[in-house]
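Thanks for coming. I have one structure to show today, and I will put it on the screen now.

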Amino acid sequence: MESNKRGAFIVFEGCDRVGKSTQSNQLCERLKEKGIAAKKINFPNRSTIIGDVINRFLKNTQELSHEVIHLLFSANRWECMSSIQADLLAGTTIICDRYAYSGVVYSVAKGLDLDWCWAPDLGLLKPDAVFYLKANPDQLASRGSFGNERYEKLELQRKVSDLFDHFNEKESSYWHQFDAFETEQELHSKISTIAENLLLQVADKPLEKLT
Ligand code: TMP
Ligand code: MG
């Protein structure tokens, strides 16, 4: 018989190089091992035409104004929304590395207005949970963790980190903060426990939108 339980929409957020990719991949693999339908995605989705422009911007081969790149990041989410919704309704859990919160936080860190930045993402699907991997950017830098992409600079990451903290406080009903410097295994274990409970809690709930 066809199940009408929906999947959960789980987002990972945090500064560059805090381990979001590792943790989101591990969570997805763990769910699949347990026989749960799950799919890992990430934003920016660099595989689309818009994503290719974003990739060139991040690799510093394409210059774009703050406003234009902001709107492209948002459009990159919108172009994936119908497929995410279809997967969730078909019972597949979506594990998403970065979402609209990154969109707002990086642009506000560059000086754009917060309300202006949030507006294009209004109406996107709302995650059931955000797993926020928190790390002090100075500590990340001292470990030589940053790479060469446009935003991987200590000064900007400090602002980004403060802005993520702000979201974490404001959206505490569905944000979960983790210490990114805990061991990979400890983090994985805590995250999986919360995710597996969440799956049961949201299975019969309607999808919500960002407001
Ligand atoms: P990534 O390192 O997760 O691939 O993301 C690339 C960079 O893009 C990262 O520095 C965060 C930034 N970003 C934005 O500025 N706005 C967005 O909407 C998203 C999803 C990412
Ligand atoms: Mg990065």
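I will go through the annotated domain, the ligand shell, two helices, and then some single residues. Please keep in mind that this is a predicted model.

I start with the annotation. An unreviewed UniProt entry lists residues 12-191 as "domain: Thymidylate kinase-like". In the model, that span is 51% helix and 13% strand. The C-alpha atoms at its two ends lie 10 Å apart.

Next, ligand 1. The residues around it are D16, F43, P44, L58, F73, R98, S102, G103, Y106, E149 and Y151. Sorted by class, that shell has six nonpolar, two polar and three charged residues. Which helix gives the largest share of the shell? That is α5, residues 100-109, with three residues.

Two members of the shell deserve a second look, F43 and P44. The peptide bond from F43 to P44 is cis, with omega near 0°. P44 sits in the loop between β2, residues 38-42, and α2, residues 49-58.

Now the helices, beginning with α9, which covers residues 184-202. How far should its 19 residues span at 1.5 Å a residue? The expected figure is 27 Å, and the end C-alpha atoms are 26 Å apart, so the two agree.

The buried residues of α9 are L187, I191, A195, L199 and V202. Viewed down the helix axis, these buried residues fall within an arc of 95°, so they line one face of α9. The general background is that an α-helix has 3.6 residues a turn, so residues three or four places apart point the same way. On the other side of α9, the exposed residues are Q185, E186, T193, N197, L200 and Q201.

What do the buried residues of α9 pack against? The partners are the strands β1 (9-13), β3 (93-97), β4 (129-134) and β5 (175-179), together with helix α1 (20-33).

That brings me to α1. Its 14 residues should span 20 Å at 1.5 Å a residue, and the end C-alpha atoms are 20 Å apart, which agrees. The buried residues here are K20, Q23, S24, Q26, L27, C28 and L31. What covers them includes β1, β2, β3, β4 and α9. After α1 comes G35, whose phi is positive, near 85°.

From α1 I pick out one residue, S24. Why does S24 count as buried? Because S24 has 23 C-beta neighbours inside 10 Å, and the cut-off for buried is 20 or more. Leaving aside residues up to four places away in sequence, S24 touches F12, K40, I95 and D97. Take K40 from that list: S24 and K40 are 16 residues apart in sequence, and their C-alpha atoms are 7.2 Å apart in space.

A second buried residue is A8, with 25 C-beta neighbours inside 10 Å. A8 is in the segment before β1. Which residues does A8 touch, not counting those up to four places away in sequence? They are T93, D128, L198, L199 and V202. Of these, L199 and V202 are among the buried residues of α9 already mentioned. A8 and L200 are 192 residues apart along the chain, and their C-alpha atoms are separated by 8.8 Å.

Two residues have backbone angles to note. R17 has a positive phi of about 70° although it is not a glycine. R17 lies in the loop between β1 and α1, and it is partly exposed, with 19 other C-beta atoms within 10 Å. N60 also is not a glycine, and its phi is positive, about 65°. N60 is in the loop between α2 and α3, the latter being residues 66-78. Is N60 buried or exposed? N60 counts as exposed, with 10 C-beta neighbours inside 10 Å.

The last residue is D115, in helix α6, residues 114-118. D115 is exposed, having 9 other C-beta atoms within 10 Å. D115 and V104 are eleven residues apart in sequence, and 8.9 Å apart in space from C-alpha to C-alpha.

That is what I have for today. I can go back to any part of the model on the screen.

Conventions. Residues numbered from 1 in each chain as written. Chains lettered and ligands numbered in written order. Predicted model: local features only at pLDDT ≥ 70, side-chain atom pairs only at ≥ 80, totals over all residues. Near = placed C-beta within 6 Å. Helix = DSSP H or I, 4+ residues; strand = E, 2+ residues; numbered from the N terminus. Nonpolar A, V, L, I, M, F, W, Y, C, P; charged D, E, K, R; others polar. UniProt positions renumbered as here; feature names shortened; annotations may be inferred. Expected span 1.5 Å × (residues − 1). Buried ≥ 20, exposed ≤ 12 C-beta atoms within 10 Å, placed from the backbone. Arc of directions from axis to C-beta. Contact = placed C-beta atoms within 7 Å.
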